[in-house]
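Student: Could you take me on a close look at the enclosed spaces inside this structure? I would like to hear what lines them and which parts of the chains contribute.

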Amino acid sequence: MARLKVTAKLDVSRRSILIITFLAYVVSPLVVLGVLAAAGKSPLVALDALYRGTIGTAAGFAETIVQGTPLMLMALGLAIAYRGKVWNIGAEGQQIFGAILVTWFVLLFLKNPLPAYVMIPVGLLLSFVGGALFATVPALMKSRLGINEIITTIMMTYVAVEALNWLVRGPFQDKTIPGSYPESPIFPPETALPILVRNTSVTIGIIISVALCILAYYFLFKTPLGYSIRAVGFNPSAARTSGIPVKRVINSAMILSGALAGLGGGIYILGVTHELLPEQASGIGYTAVVVSLLGNLHPLGVIFSSLFFGGLVSGMSSVERALQIPRTLSLLSQGIIIVLILIIQVLARYEIKRA
Amino acid sequence: MAMIVDAASVSELIAAIIALSVPMAFAALGEVISERAGVINLGTEGVMLVGAISAFSISFFQHDNLFGVLVGGACGALMGLLLAFVSISLRQDQVLSGLGIYFLGVGLSGFLYDIFFGQIGSTIRISGLPVLPIPLLSQIPVIGDSLFSQDIIEYLAFVTLIIVIIVVGRTTFGLNIRAVGENPSAADTLGVSVTKIRYAAVIIGATLAGIGGAYLALSSHAFQAENITAGRGFIAVAMVYFGKWRPARAFFGTFLFGAAYLLGAFFQVVGSIIPYYFLLMVPYVLTLVVLVGIARGARPPSALGVPYNREGG
C-alpha cells in the first residue's frame, strides 16, 4: 500500500470549495445510478425516469420544489447549528413535534375554523415554537450538563415518533371514518397554505423558505450572535476566552435549528398532507443532515442543495415506479453520498501526497 | 395487581433481560475500546444494522447461525475500517464520520433486506441459536436456569467482557490504546503508532458491534425490514458515558435497557392501561434520564474526538 501523507492547507480558497461542492453534486446522482447498475437495473431507464421526475416535466419540477421546501428549512437550521459545532441530529423529531402542535391547534378549530389569515400564521408559528421547545431539552442538557447532543437529539426523535404513532391512533385519530385508519381528520381549507402555481402543491412555503435562508445568511455572517455561533464552532475555548457566552450561544444554535425544523414540519403538513399521518416521520429530518452538508453549511448553499435533494427525492420515486425497486435504494444512496461528501471535503482542506 | 412470582418466572425474566441486553452489551464493549483509543464511533447503530442483516441472511440461506455471527462481525469490521479511514487517515470530523457510517448502515441494511427478502411475502423466520446448559451450574435454583442455560453467544458476551477488561487494563496493547486516547503525541514520541493502534481499536470495536447486531437478528427469529436496532446502537454509545469508559460498567449498564425493552414487550402481551407507545418510549426516556443523572463527574479520555496530526496542525 502506498503511503499517503495528509497535510492541512493553511487557507482554503473559495475556488477550491466551489470545485469540491460541484464534485459532490455530480457524484451524488452518479452514486444512485451506480447502485442501480450494481443491483442489475438499467441505469439508462433510471436516468430517464430521474429526468422526468425532476426537471423533465412540469409535474416533476413542481414535486421537486414541494419536496425541497421542508428540507430547505430543516437543513438551514442544521447548517446554523453545525456552524457552531452543535450536532443536532434530531430535526426529524423536531419537525414531528412541530407538526403535532399544529395538528392540536387545527383540531381545536376543526368544526369552526377561524379565517385563513389567522389559522395559517398561528399554525406556522406553533410549528416553529414546537420545534424550538423540543430542541430546548437537548440544548439545556448540552449547555448545562455537557451531555452529548447527538445521543439526546436521537433519543428525543424516538420519543417523538412513538408520540406520533400514539396520537394518530388515539387522541388525534379521525373517528368518523370506519376502519380506524391511523390518521387525523382532514384539515379545513382555511388552514391550507395558498397555492402559488395552479394544479400543483407548490405553495407560498417555498417563498417563506427561501426568504428565511437569505435572512439566515445575514444572521450568520452580519450579526453578533451569528458571529458568536461561528466563533464557538471554530474554537470554543478561544471563544470563551474572548468573552463569548458559549453556553447561551449553544442554546441559541440548538433551539433555532429546532424551530426551523419544526417550521419545516408545519409547512409540510399545512401545504402538502393537510392531515397528521404516521408518515410525517418519513426520515426527512435525517435527509436534512445530508442536505446541510451538501450545502456546505451555508444558508445560500442550502437553497440549492435542498432543491437538488428535493429533485433526488421526487426523481427517485419516479425511478422506483419505473424500475419496481425498493424505496430503501434512496436510503442507501443517501448513505453513500454522505460518506463520499465527507471524503471529498477533505480534498479541499488537505493536500494528499505520496510520502 | 397481584402477580405470582415464583422461581421459574424470575428465572425466565432474568434470561429474557440478558437476551435483550446482549446486543447492546457487545456494542458498548466495542465502543469502550474505540473511545479509549480516542475515536468516537457514533455510527455504532449503522454497524449493528449491517451486522444484523448479514447474519440474518447467512442464517436464512446457509442455515448456519454461528457462521452468521462470524460474518456479522466481519461486516462490522469492514464498516469500522471505513470509519477509521475517514476519521483517522483523512482526519475528518469524528461526529460527521460516525453519522456517515450510521446513514450508510441504515441504507445498506434496508437495501440488502429488500434485495434478499423483498420478494418473499410471508414473515421470514429462522431458527434461533441452540441453548447450551452448563452441567451442574444450570441446576442451581432460581438463577441457574437463567444464567447457565443460555446460547453460546450469550456466554461469549460475558467472556468478551472479561477479555476486554484484561486486554484494556493489563496488556501492552491496552496500555497503547489508553495512551493514544489520553496523550497521542507522547505515545507517538515513545514509538507507538497512533494510527495503527487507533485503526485496531476502531475495527475491533466495530467487530463487536457487528456481532451485537448479528445476535440481535438471530435472537429475534424474524427480521424487520428497517431499523431492527431501533436505537440500540445509540443507547450503547450512551452507556459508555454512563459507564465512565469502564468496560464492566458500560456492559452491565445495558442490562437496564434490556429490562426496559422487556417491559414494553411484557405489556404488549398482557395489555395495560398505559398506551403501548408510551412503553416503547421507555428505553429512550430512560437514556435521557440516566445521562442527566451521571452527567457530572464523567471524564472522557483526553484526546477523545480529536484527530491526531503529528505536525500539530
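Tutor: Happy to! Keep in mind that this is a predicted model. Let's begin with the second largest cavity, whose walls are formed by B:A27, B:G30, B:E31, B:S34, B:N41, B:T44, B:V202, B:G205, B:A206 and B:A209. Two elements of chain B, α1 (7-36) and α9 (194-219), each give two or more residues to this lining. The second largest cavity holds a volume of about 40 Å³. Sorted by class, its lining has four nonpolar residues, five polar ones and one charged residue. Glu counts as charged, so B:E31 is the charged member of that lining.

From there we can turn to the other space, as the search of the whole structure finds two cavities of 30 Å³ or more. The largest cavity encloses about 80 Å³. Its lining is made up of A:V66, A:T69, A:P70, A:S201, A:V202, A:T203, A:G205, A:I206, A:I267, A:Y268, A:G271 and A:V272. In chain A, the helices α3 (58-83), α7 (205-222) and α10 (246-273) each supply at least two of these residues. With four residues, α10(A) gives the most to the lining of the largest cavity. As for chemistry, seven nonpolar and five polar residues line the largest cavity, with no charged residues. That is a useful point to set beside the second largest cavity, where one charged residue is part of the lining.

Methods:
Residues numbered from 1 in each chain as written. Chains lettered and ligands numbered in written order. Predicted model: local features only at pLDDT ≥ 70, side-chain atom pairs only at ≥ 80, totals over all residues. Heavy atoms only, no water. 1 Å grid on protein atoms, 1.4 Å probe; cavity = no way out; pocket = protein on both sides within 12 Å on 5 of 7 lines; lining within 4 Å. Points joined across faces, edges and corners; volume = space filled by probe spheres on them.
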